[in-house]
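Morning, everyone. Please look at the model on the screen while I talk.

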2 protein chains.
Amino acid sequence: MTSTPTISFELNRADLRARRNAKWSQYGPDVLPAFVADMDFSVAAPIQTAIERIVRDRDYGYPMREGNKAELIVAKSFARRMKALYDWDLSPDLVLPVADLVQGTYAPILAFSDPGDSIILQVPSYPPFRDAINGTERRLLPLPMRDDGTRYAFDMSELETLVEEGTRIFVLCNPQNPTGRVFRRDELLSLAQFAIAHDLIVISDEIHSDLVYPGQQHVPFASLGSEIASRTITLNSATKSFNIPGLRCALIAFGSEDLRERFEKRIPLRLAGQGNIIGVDATVAAWNECQPWLDAVMDHLLKARNRIKAVLKAEVPEIHLHAPEATYLAWLDCSKLKLSTSAFQFFLDKARIGFSPGESFDPNCASFVRFNFATSTPILDEILDRIIIAARQSDS
Amino acid sequence: MTSTPTISFELNRADLRARRNAKWSQYGPDVLPAFVADMDFSVAAPIQTAIERIVRDRDYGYPMREGNKAELIVAKSFARRMKALYDWDLSPDLVLPVADLVQGTYAPILAFSDPGDSIILQVPSYPPFRDAINGTERRLLPLPMRDDGTRYAFDMSELETLVEEGTRIFVLCNPQNPTGRVFRRDELLSLAQFAIAHDLIVISDEIHSDLVYPGQQHVPFASLGSEIASRTITLNSATKSFNIPGLRCALIAFGSEDLRERFEKRIPLRLAGQGNIIGVDATVAAWNECQPWLDAVMDHLLKARNRIKAVLKAEVPEIHLHAPEATYLAWLDCSKLKLSTSAFQFFLDKARIGFSPGESFDPNCASFVRFNFATSTPILDEILDRIIIAARQSDS
């Protein structure tokens with residue numbers, strides 16, 4: 001690990017387009033992609049070193065690490081990291097490695113609710129959460145993230161009116177995707193009291209927790225206290241913040257032994273599948289050795305975020321955003337552009353930008369797009385230029 | 001792909017012990033491991049090339065292949081291979097990639113039976129199958145593989161007495177682990193009639209189907225006909241035959257659309273997790289490009305198998321085996337050695353060989369060991385020498 005890590009930006013668009021990832025393959029060469037949560041940065045050196053060691057040795061057998069099944073080092077590394085970053089005491093025994101976050105969403109929904117039960121989900125939301133609820137014959141109770149003028153927030157009194165007899169689960173996404181909110185401790189404490197009062201399980205997706213900007217502090221929901229922990233399933237992964245989603249390694253952390261046992265009665269742990277060794281070693285390298293790389297990435301992303309905010313405010317004030325408190329995702333409200341199509345379609349057609357469609361996060365949000373700004377400054381500037389030109393044309 | 005592939009044997013024991021796999025890490029340096037189903041051969045060149053390309057490009061984003069989600073190429077490649085090898089028409093749409101075979105066992109057990117139902121399993125069996133049945137509150141009905149003097153076989157009349165009202169599933173392992181049997185078409189047809197007559201789902205683990213020796217022919221159970229296919233879940237993977245278990249990529253193939261839909265009602269497909277790109281590309285390289293490597297491996301394994309049979313017959317006739325018809329696993333019946341401990345413990349203590357304990361495949365089989373002979377000739381010879389010396393001491 002170097003003491004002064006640098007991020008390697010992929011500046012050459014031919015190289016980016018030669019990649020076989022969704023981000024740079026989905027569209028033709030005239031479209032700049034800004035959708036799926038991939039960053040246009042090369043992985044940190046310690047991750048690459050860990051992978052290259054396995055590949056050099058062709059060491060693809062049933063893996064062991066530290067005298068045990070390899071996946072256990074993911075659990076240990078995560079628990080150590082949670083203690084160091086948040087003073088959260090989590091036993092590695094309560095951590096189940098899985099392939100991806102979506103799997104980690106379906107599993108507790110199936111374990112802790114039945115068909116016909118209802119599940120509260122903050123909307124707009126990561127689309128697979130909706131699929132996981134609707135696709136398993138549960139009923140979705142949407143809790144809107146409303147723009148209060150300074151930020152997106154949910155309303156506790158609205159939440160109280162939403163909950164009903166058969167409500168079993170609250171799905172929390174913190175930091176919230178796509179709004180970029182980092183919930184304050186007092187907001188989380190209110191949610192915790194609510195969950196306890198209504199005997200709810202909380203599925204807390206914290207996959208963006210490494211990507212918090214200065215001025216905010218991530219609080220793991222299960223770290224609020226043992227009573228709330230005992231009803232909280234935390235989902236996390238290094239894949240988002242360290243840019244290794246194709247390697248597949250995520251985890252489910254149970255807030256208590258009892259919770260894990262209740263889960264396992266419905267969903268045997270081995271139904272989850274076992275971790276692949278490349279994902280396991282990459283994840284552990286990320287958490288144990290790559291904080292300096294992440295810090296450098298966050299410096300870059302902070303500048304990008306601020307630039308987007310400043311440029312749009314100056315040039316296209318009709319496009320509204322609250323600077324995200326976390327994530328490299330900006331949630332652009334384009335309703336004042338008064339477009340005749342969805343905002344996604346407008347920018348794809350008129351600006352040749354591939355954003356994520358707002359309506360994929362909430363059917364009511366077709367006038368929004370989610371803007372993945374984890375790219376190099378030249379590409380970011382070109383995207384901003386294209387936004388400005390297209391938006392001005394929309395006025396005329 | 002070279003036209004004359006050679007297998008790269010790992011002859012240097014220091015190199016083998018430097019590997020971080022279970023096989024060479026579990027025991028100290030004086031023990032020769034012959035247990036977990038890893039081969040001491042380097043992977044085929046096209047697999048290594050496919051992996052190295054991803055690693056060279058640091059191409060770890062959300063992967064696409066051929067314009068779709070990457071996992072789909074696993075389904076396509078498998079379906080093509082089944083058609084080419086067995087004239088089995090399987091739609092790629094009916095193939096669900098998963099992480100490992102164990103996951104593929106739990107999922108259909110949960111989908112097609114309920115607690116209290118019974119499941120027939122051939123014994124001795126791969127240990128996780130027993131765990132999957134017993135650990136999900138199903139009842140295990142063991143169907144013994146009996147030594148009929150020429151081979152291990154199950155008895156259809158015994159099977160008829162076993163089945164009962166609440167029997168829902170037959171778990172077939174073909175080729176059978178650990179006995180190495182490749183079931184003949186007539187045996188499989190009898191099983192198929194039985195499954196239809198008793199309205200059973202068949203889970204057919206065919207992970208060893210690439211490792212069949214001359215004189216035998218693998219028949220995919222679902223290829224017997226559409227009626228039996230419509231109740232068959234086939235499990236397969238390239239990990240065993242191409243020696244990449246740590247990369248995790250397996251599949252569940254449904255024999256009909258209706259079967260997949262019934263499955264999905266109980267087990268949403270995304271609960272399975274998504275394939276990692278290294279495992280996906282390695283698997284497709286294996287199936288599409290590595291048959292010459294596999295042929296070379298099978299030549300080597302055939303010689304090893306025959307050598308074990310000949311040497312034991314000549315030197316230690318008290319150890320009985322039927323030469324396996326498939327797999328690199330020999331099922332050694334040591335009951336005539338009249339050991340005071342399990343055969344596993346005897347060979348570990350007296351010969352410093354780490355076999356798989358027979359009792360892990362069947363509690364009644366403590367006088368058996370499973371011998372993984374996928375190693376180089378010098379190591380194989382040393383294992384045979386150690387067996388002979390220890391067995392002779394047991395007589396005195």
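First, two terms. Helices (H or I, at least four residues) and strands (E, at least two) are DSSP runs, numbered from the N terminus. Two strands pair if DSSP finds at least two bridges between them.

Now the ground rules. This is a predicted model, where local features need pLDDT of at least 70 and side-chain atom pairs count only at pLDDT 80 or more, while totals for chains, interfaces and linings use all residues. Residues are numbered from 1 along each chain as its sequence is written, chains are lettered from A and ligands numbered from 1 in the order written, and side-chain values use heavy atoms, without hydrogens and water.

Go to strand 9 of chain B, residues 167–173. Five bridges join strand 9 to strand 10 of chain B, residues 201–205, and the two run parallel. One pair here is Phe170(B) with Val202(B). Strand 5 of chain B, residues 118–123, also pairs with strand 9, in the parallel sense, over four bridges. There, Ile119(B) has Ile169(B) as its bridge partner.

Is strand 9 of chain B largely enclosed or not enclosed? Six of its seven residues are buried (under 20% relative accessible area, 1.4 Å probe, protein chains only). So strand 9 of chain B is largely enclosed by the rest of the structure.

Next, both chains. A 180° rotation with 0.0 Å of shift along its axis superposes chain A on chain B, RMSD 0.0 Å (least squares on C-alpha atoms of residues with pLDDT of at least 70 in both). That is the relation of a two-fold axis. In chain A, the C-alpha of Ala272(A) is nearest the axis, at 3.2 Å.

Notes:
Buried < 20%, exposed > 50% of the residue type's maximum accessible area, 1.4 Å probe, protein only.
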